[in-house]
Amino acid sequence: MAHLPRLISRLSRPLLATSFIVGGYGVLRAPGPLPELARQRGVPYPEAATRATAAGMIAGGLALGTGLAPVVGGGLLVACLVPTTVAVHGFWRQPDPVRRRAQRNEFFKNVSLLGGLVIAAVEARSAAPASSAAPASFATPEGA
């Protein structure tokens, strides 16, 4: 039973990462209106910024989902998600109540994903072996 939390974490990280990988891939293939939206929000080099964010989501998703670098991957996803959420899903800018409600839902969905990423990164960090600890062969006996 002691291994159950670690098993759940190993199964959950890929689930959390999937939407970032799939979404990033979709934007790389066809960015649609996102570069124009980025331009309207004053983002410099909007096409490049859109594609870089998409690539960051793919890289972060793979790092998190595979467990190869979950803390780095989670951090990269947070760095991509925060500005995207504010720029794309700023519900407070929507005058139409129907669009405002839809953007508000997307905004808070992303806020929830941010919470999941923080949990995943903290859990991965706490589960990782301490890298600063000396190897057992170099450990000094207590009282020495």
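1. Thr 50 has a relative accessibility of 9% and therefore counts as buried, the cut-off for that class being under 20%. The model discussed here is a predicted one. Thr 50 belongs to helix α3, which covers residues 46–66. Leaving aside residues up to four places away in sequence, the contacts of Thr 50 are Val 27, Pro 31, Leu 34, Pro 35 and Ala 38.

2. Tyr 45 offers a contrast in accessibility: its relative accessible area is 69%, so the residue is exposed. Tyr 45 sits in the loop that links α2 (34–40) to α3. The backbone at Tyr 45 also deserves attention, since its phi is near 50°, a positive value in a residue other than glycine.

3. The protein chain as a whole contains five helices and zero strands. Read from the N terminus, the order of elements is α-α-α-α-α. The reader may wish to locate helices α1, α2, α3 and α5 in the model before turning to the points below.

4. One helix pair merits a closer description. Two packed helices are described by the angle between their axes and the distance between the axes. For helix α1 (residues 4–29) and helix α5 (residues 97–127), the axes come within 11 Å and cross at roughly 140°. Angles over 145 degrees would count as roughly antiparallel, and α1 and α5 are therefore classed as oblique to each other. The crossing of these two helices, α1 and α5, is left-handed.

5. Which residues form the contact between α1 and α5? On the α1 side they are Arg 6, Ser 9, Arg 13, Leu 16 and Phe 20. On the α5 side they are Leu 113, Gly 116, Leu 117, Ala 120, Glu 123, Ala 124 and Ala 127. By character, the residues of this contact comprise seven nonpolar, two polar and three charged.

6. What share of the 144 residues in the protein chain is buried? The figure is 29%, and Thr 50 is one of the residues that count as buried. The accessible surface of the chain comes to about 9400 Å², and carbon and sulfur atoms account for 67% of that surface.

7. A final point concerns contacts across the sequence. Taking contacts in the protein chain between residues at least 6 apart in sequence, 57% join residues at least 24 apart. The meeting of Arg 6 and other residues of α1 with residues of α5, including Ala 127, may be viewed alongside this figure.

Methods: Residues numbered from 1 in each chain as written. Predicted model: local features only at pLDDT ≥ 70, side-chain atom pairs only at ≥ 80, totals over all residues. Heavy atoms only, no water. Helix = DSSP H or I, 4+ residues; strand = E, 2+ residues; numbered from the N terminus. Buried < 20%, exposed > 50% of the residue type's maximum accessible area, 1.4 Å probe, protein only. Contact = heavy atoms within 4.5 Å. Axes fitted to C-alpha atoms, helices over the stretch in contact; angles between N-to-C directions. Parallel < 35°, antiparallel > 145°, perpendicular 65-115°, else oblique. Left-handed = near helix turned anticlockwise from the far one by under 90°. Nonpolar A, V, L, I, M, F, W, Y, C, P; charged D, E, K, R; others polar. Areas by Shrake-Rupley, 256 points an atom, 1.4 Å probe, with all protein chains shown as cover.
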